[in-house]
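Q: Please take a close look at a single part of this structure, the surface near the DNA. I should like one connected account that begins with this part and then follows the elements behind it.

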2 protein chains.
Amino acid sequence: MEILENTPKERFQASKQKMEKAAYILKTVAHPVRLAIIELLNQQGEMGVNDICKALDCEQSLISHHLINMKLRGILQSHKDGLNVYYDLKEKEIVKLLQCIENCDCNM
Amino acid sequence: MEILENTPKERFQASKQKMEKAAYILKTVAHPVRLAIIELLNQQGEMGVNDICKALDCEQSLISHHLINMKLRGILQSHKDGLNVYYDLKEKEIVKLLQCIENCDCNM
DNA sequence: CTTATATATGAAAATATTATCATATATTTG
DNA sequence: CAAATATATGATAATATTTTCATATATAAG
């Protein structure tokens with residue numbers, strides 16, 4: 001069942017919220033290290049934190065912050081096995097963003 | 001003609017650069033007002049600055065900053081006609097990002 | 001030339017994001 | 001239990017982004 005937005009004001013608010021959600025998702029992904037994590041997990045499947053650190057040549061604490069952040073926002077999931085914590089892509093749609101961008105040419 | 005990356009180091013660097021470019025594009029778009037501008041222009045075609053301000057119920061100066069920023073980065077283009085400046089989408093690929101996100105469900 | 005209108009600009013203030021560091025916690029091993 | 005390893009946490013520092021405000025510029029109209 002669909003919600004109908006009738007008044008212009010309601011439509012405006014709905015669109016505003018939609019943009020806020022989209023911006024929120026884009027923001028959590030718009031960072032080179034986080035994108036690298038996403039691509040890595042997409043290619044390799046689940047990985048332990050340390051392996052991610054090594055693969056991306058980044059400090060453990062920094063990677064941990066990014067991982068937890070993305071997990072909190074529903075992009076990653078994780079499970080623990082002994083000492084290790086394995087992270088994996090939860091929201092696979094997110095990978096399409098990267099593909100989407102391949103074709104953009106922006107001025108950097 | 002394609003450039004071949006041979007050593008792991010070279011591949012690593014190439015991927016790093018790719019992620020930086022992608023993050024750059026995502027960042028310039030990851031903002032509710034800028035997304036709203038993009039959607040608006042996609043629906044309406046080119047619009048004057050003032051009409052954009054009214055449509056989004058935002059201050060002129062703020063909209064102007066966002067417009068100029070996105071133009072600088074190659075997402076928008078503009079032309080002047082008398083007193084008015086009309087902005088339009090230049091990089092249409094960008095709209096696909098929004099479509100891409102519709103299907104994501106993130107924790108907000 | 002004066003006034004009005006549309007847009008741009010730049011600096012400063014307000015906020016948000018990211019990185020770093022020191023340390024805590026949890027688990028395994030001996 | 002002590003030591004080693006993997007990961008998380010939290011505070012702080014470093015940076016970057018966004019908003020606001022006052023004002024500049026350009027064009028048009030009277």
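**The surface near DNA strand C**

A: By class, the surface near DNA strand C is made up of twelve polar, eight nonpolar and two charged residues. This description refers to a predicted model. In that model, 22 residues lie around DNA strand C, and those that come nearest are A:Ser61, A:Gly82, B:Gly48, B:Val49 and B:Asn50. Both chains therefore appear in the list of elements: helix H4 (60-72) of chain A, and helix H3 (49-56), H4 and E3 of chain B, each supply at least two residues of this surface. H4(B) provides the largest share, six residues.

The elements of chain B can be placed by way of the sheet to which E3(B) belongs. This is an open sheet of three strands in the order E1-E3-E2 (chain B), with antiparallel pairing. Its edge strands are E1 (47-48) and E2 (76-81) of chain B, each of which pairs on one side only. E3 (residues 84-89) of chain B is joined to E2(B) by six bridges, and the two run antiparallel. Within E3(B), B:Val85 is the residue that stands opposite B:Lys80. The hairpin of E2(B) and E3(B) has two residues between the strands, and B:Gly82 takes a positive phi near 65° there.

Two helices of chain B lie across this sheet. H4 (residues 60-72) of chain B, which gives six residues to the surface near DNA strand C, lies across E2 and E3 of chain B and runs at about 120° to E2(B). H2(B) lies across E1 and E3 of chain B, with a direction at about 90° to E3(B).

The surface near DNA strand D can be read alongside. It holds 21 residues, of which the closest to DNA strand D are A:Gly48, A:Val49, A:Asn50, B:Ser61 and B:Gly82. The elements that give two or more residues to it are H3 (49-56), H4 and E3 (84-89) of chain A, together with H4 of chain B. H4(A) gives the most, with six residues. The residues of this surface divide into eleven polar, eight nonpolar and two charged.

In chain A, too, three strands form an open sheet in the order E1-E3-E2, and the pairing is antiparallel. E1 (47-48) and E2 (76-81) of chain A stand at its edges, each with a single partner strand, so one side of each has no neighbour in the sheet. Two bridges join E1(A) to E3(A), and these strands run antiparallel. A:Gly48, one of the residues closest to DNA strand D, stands opposite A:Tyr86 in E3(A). H4(A) packs on the sheet, where it touches E2 and E3 of chain A, and its direction makes about 120° with that of E2(A).

Away from the DNA, the two chains also touch each other. Chain A and chain B bring 33 residues each to the contact. On the side of chain B that touches chain A, the elements giving two or more residues are H1 (8-29), H2 (32-44) and H5 (93-102) of chain B. H1(B) gives the most, with ten residues. By class, that side has 21 nonpolar, four polar and eight charged residues.

The largest nonpolar core has 55 residues, and those with the most contacts inside it are A:Leu26, A:Val29, B:Leu26 and B:Val29. Among the residues that A:Val29 touches, beyond those up to four places away in sequence, are A:Ile38, A:Ile94 and B:Leu26.

Terms used: Residues are numbered from 1 along each chain as its sequence is written. Chains are lettered from A and ligands numbered from 1 in the order in which they are written. This is a predicted model: local features need pLDDT of at least 70, side-chain atom pairs count only at pLDDT 80 or more; totals for chains, interfaces and linings use all residues. Two residues are in contact if their C-beta atoms, placed from the backbone, lie within 7 Å. Helices (H or I, at least four residues) and strands (E, at least two) are DSSP runs, numbered from the N terminus. Ala, Val, Leu, Ile, Met, Phe, Trp, Tyr, Cys and Pro count as nonpolar, Asp, Glu, Lys and Arg as charged, and the others, Gly among them, as polar. A nonpolar core is a set of buried Ala, Val, Leu, Ile, Met, Phe, Trp, Tyr and Cys residues joined through C-beta atoms within 7 Å. A residue is buried if 20 or more other C-beta atoms lie within 10 Å of its own, exposed if 12 or fewer, and partly exposed in between; C-beta atoms are placed from the backbone. Two strands pair if DSSP finds at least two bridges between them. Axes are lines fitted to C-alpha atoms, for helices over the stretch in contact, and angles run from 0 to 180 degrees between N-to-C directions. A residue is near a molecule or strand if its C-beta atom, placed from the backbone, lies within 6 Å of it.
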